[in-house]
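This briefing concerns the structure shown below. The points that follow are grouped by topic, from the overall form of one chain to individual residues.

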Amino acid sequence: MRNQNFYDVWTVFWRDWIVLRKRLTKFILSRMVAPMLYLVAFGWGLGRSIEVQGGTYLDFIVPGILALNSMNISFNSITPVHAERVYHKSLEEYLIAPIWPDAFVIGKVAAAVLRGLISSSIIVLLALAFGAHFAMTPLFLLVLVLNCVVFAEIGFLAAMKISTFEEMGQVNTYILLPMSFLCGTFFSTHALPDPVRYAIECLPLTHTSLLLRTIGSGGEAPLASLAVLALYALGGYLWSSRAFRRLTK
Amino acid sequence: MKDGKEWQMIETENLVKRFPHRDKAGKQAEKTAVAGLSLSVANGEIFGLLGPNGAGKTTTIRMMTMQTQPTEGSVCYDGLDTRTHAREIKSLIGVVPQHINFDQDLTVGENLDLHARLHHMGAAARKARIEELLRYVALTDVVNDGVRRLSGGMKRRLLIVRALLHRPRILFLDEPTVALDPQVRRRIWQLVRQMAWGGVTVFLTTHYIEEAETLCDRVAILSHGRLVDLDSPKRLREKTNLPNLEEVFLAMTGKQEGLS
């Protein structure tokens, strides 16, 4: 049964992989635009005149760009599940198939993580080309993966719960966009007033930014932040699994 | 036959589905789509569920195929209860939905391959079965085309091919010939008959009287979620002393509901 569960995960992942494979060039090119603009504007343009924590602003924002980009890509990679559920109804294929229900959640999240990591690799290459300095360690990679998992799960939940395309867009506007700017991506959260900072520090992206910046600069990873991300990932998985199983209610 | 008795492949008992909805005053209420449906379908039978729009046919199929949970009641397949043996039962059934629900990002071949993988078929078996069934419905030429490019009739045939890929013992067809021209409709009927001759139990819903009369061994007439009568088309005509099933249907479900 365990082998069959693994095969089910692979099947769900395989479907997303063949769709990605057909569009890989377009995907890679489109993912280069936003990070390139961030690096030019904040690294070369604005960043030349700013020094942060004893280093260049470019070195400071690269972990932030990685955090926000992996968040956006993994979230948006999984949202087509919404159209599969509400409009095309192709999700019914999975509901009537003799598969382990969690395989659908894991397979979809894994495919979104893959897209998030491809996009992150592009940023790393671009950042190095722009002259940024940061240490890529296995822990750095783990944090990126965890960040992709957390936001893929949030995307999955949105796809399970939300009824219309318009409301899906609002998740981007009201949740992801504010997080992109406030969660320690472009500036330290210490610059915010205390009540706002405390709220922002509850959010997963803040912990990803902090972890990537600390690990990237050769510092010791704050384990509490790693635990927070892991808890978000676990909670997201349990909630996503429940949401998928409740579709038949 | 099993132990000398007719072998019941599907048995539903007191199947009820209520949905939340808002009443005329805008208050939260419940709407009963299916109200205590009990049916038995014999192995190898072609069983039709006939009813006007909104009678509860699709909801019944969705409950029987585990796409939605019944509010009350149970469904058993060959003695296995859907509440406790969902995975085993899902591998026994094939479902042809009323709407076209292919994965729009995949080609015809990839859609079929995905279905076969979801039913744990090995690579060689998948390839052979896809080729065999596409040849059978004369769709081999479109295997690498996107599903969006297919005509309505091709999509319908492909839905049936997909449902048959894993060799189900029970085939559900929800309004399989809706909006199709007579030629395609007859071709699909022929396909359904061949499945039944091959030992597959067929459960179909329709609001085409001719379809029920031509294909089905027995017909259940459903109105407002309730079973009005259940018998062979011939016996239904004899019981009501009416010349055809359409008259029987109108008499039982109320002429005002009509046949859409």
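Accessible areas here come from the Shrake-Rupley method with a 1.4 Å probe. On that basis, chain A exposes about 11,300 Å², of which carbon and sulfur atoms supply 67%. The model is a predicted one.

**Overall form of chain A**

- Eleven helices and two strands make up the secondary structure elements of chain A, and their order along the sequence is α-α-β-β-α-α-α-α-α-α-α-α-α.
- The radius of gyration of chain A is 19 Å, which agrees with the value near 18 Å for a compact globule of 249 residues.
- Taken along the principal axes, the C-alpha atoms of chain A fill a box of roughly 60 × 40 × 35 Å.
- Of the 249 residues in chain A, 51% are buried.
- Among contacts in chain A with a separation of 6 or more, 79% join residues 24 or more positions apart.
- Chain A carries 19 positive and 14 negative charges, and the mean positions of the two sets lie 7 Å apart.

**Helix α2 of chain A**

- Helix α2 of chain A covers residues 24-45, a run of 22 residues.
- From first C-alpha to last, α2 of chain A reaches 31 Å, close to the 32 Å expected at 1.5 Å a residue.
- The buried residues of α2(A) include A:Phe27, A:Pro35, A:Leu39 and A:Gly43.
- An α-helix has 3.6 residues a turn, so residues three or four places apart point the same way.
- The buried residues of α2(A) pack against three helices of chain A, namely α1 (2-22), α3 (57-78) and α6 (101-129).

**A:Ala41**

- A:Ala41 also belongs to helix α2 of chain A.
- A:Ala41 has a relative accessible area of 37% and is therefore partly exposed, as this class lies between the limits of 20% and 50%.
- Beyond its neighbours within four places in sequence, A:Ala41 contacts A:Leu46 and A:Gly47.
- The C-alpha atoms of A:Ala41 and A:Met71 are 20 Å apart, and the two residues are separated by 30 residues in sequence.

**Positive phi angles in chain B**

- Most residues other than glycine have a negative phi.
- B:His120, which is not a glycine, has a positive phi near 60°.
- B:His120 is located in the loop between α3 (108-118) and α4 (123-136) of chain B, and its relative accessibility of 24% makes it partly exposed.
- B:His224 is likewise not a glycine and has a positive phi of about 50°.
- The loop between β9 (218-223) and β10 (226-231) of chain B holds B:His224, which is exposed at 57% relative accessible area.

Terms used
Residues numbered from 1 in each chain as written. Chains lettered and ligands numbered in written order. Predicted model: local features only at pLDDT ≥ 70, side-chain atom pairs only at ≥ 80, totals over all residues. Heavy atoms only, no water. Helix = DSSP H or I, 4+ residues; strand = E, 2+ residues; numbered from the N terminus. Rg over C-alpha atoms; globule rule 2.2 N^0.38 Å. Buried < 20%, exposed > 50% of the residue type's maximum accessible area, 1.4 Å probe, protein only. Contact = heavy atoms within 4.5 Å. Lys, Arg positive; Asp, Glu negative; His and termini not counted. Charge placed at Lys NZ, Arg CZ, Asp CG, Glu CD. Expected span 1.5 Å × (residues − 1).
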